[in-house]
Every structure is written in structure tokens, then in C-alpha cells.
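Me: Please take a close look at one part for me, the lining of the largest pocket. Keep it informal, but give me the cut-offs as you go.

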Amino acid sequence: MFKVQKDEMINKTFRLPSKLIEELQEVAQNKGVSLNNLVKQCCEYALKHLEDKNNK
């Protein structure tokens with residue numbers, strides 16, 4: 001049976017440099033995804049590829 005699932009989302013506000021926002025918007029538009037989706041994927045990728053997550 002089909003069951004609709006929804007991920008829990010939380011709204012947060014982050015301040016990013018305007019140049020970075022412009023670059024992200026361009027990439028999102030070129031790839032056909034929302035800016036929010038692109039930022040989420042970038043964060044997930046960065047966290048997954050940290051050299052050492054436990055040490056500062």
C-alpha cells in the first residue's frame with residue numbers, strides 16, 4: 001500500500017555573502033532545482049566529507 005511520507009523540516013535563517021547567494025542561485029537555476037534544495041545538498045555533502053568530524 002502506498003504511504004505518503006514527509007520529512008520533518010525546520011526553518012532557520014542564515015546570513016550568507018551576496019556573492020555566494022548569487023552563485024548558488026545561478027547553479028540552482030541551471031540544474032533545475034530550488035535554492036533551498038541546493039543549499040541542503042551542499043550542506044549534506046560538506047558534512048559527509050569533513051576530514052574529521054570529531055576534532056576541531
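**Around the pocket**

Reply: Sorted by class, 11 nonpolar, 2 polar and 4 charged residues make up the lining of the largest pocket. Here Ala, Val, Leu, Ile, Met, Phe, Trp, Tyr, Cys and Pro count as nonpolar, Asp, Glu, Lys and Arg as charged, and the others, Gly among them, as polar. Bear in mind that this is a predicted model: local features need pLDDT of at least 70 and side-chain atom pairs pLDDT 80 or more, while totals for chains, interfaces and linings use all residues. Numbering runs from 1 along each chain as its sequence is written, and side-chain values use heavy atoms, with hydrogens and water left out.

The volume of this largest pocket comes to about 660 Å³. It has 17 lining residues, and F14, N36, V39, K40 and C43 are the closest to its centre. A pocket here is an open set of points on a 1 Å grid over the protein atoms alone, where a 1.4 Å probe fits, with protein on both sides within 12 Å along at least five of seven lines; lining residues have an atom within 4 Å of a point. The volume is the space filled by probe spheres set on those points, joined across faces, edges and corners.

As for who supplies the lining, helix 1 and helix 2 (35–48) each put in at least two residues, and helix 2 gives the most, with 8. Helices are DSSP runs (H or I, at least four residues), numbered from the N terminus.

K40, one of the residues closest to the centre, also has a partner: its side chain meets that of E44 in a salt bridge, 3.4 Å from N to O. The term asks for a side-chain nitrogen of Lys or Arg within 4 Å of a carboxyl oxygen of Asp or Glu, and the structure holds 1 such bridge. Both residues sit in helix 2, 4 residues apart, about one turn of the helix. K40 is partly exposed at 36% relative accessible area, and E44 is partly exposed at 43%; buried would be under 20%, exposed over 50%, and partly exposed is in between (1.4 Å probe, protein chains only).

F14, also among the residues closest to the centre, joins L16 and L20 in a nonpolar surface patch of about 310 Å². Such patches take residues with over 30% relative accessible area and no salt bridge, joining nonpolar side chains (Val, Leu, Ile, Met, Phe, Trp, Tyr) within 5 Å and like charges within 9 Å. L16 lies in the segment before helix 1 (18–31) and is partly exposed, at 40%.

Key. Accessible areas come from the Shrake-Rupley method with a 1.4 Å probe; for residues, only the protein chains shown count as cover.
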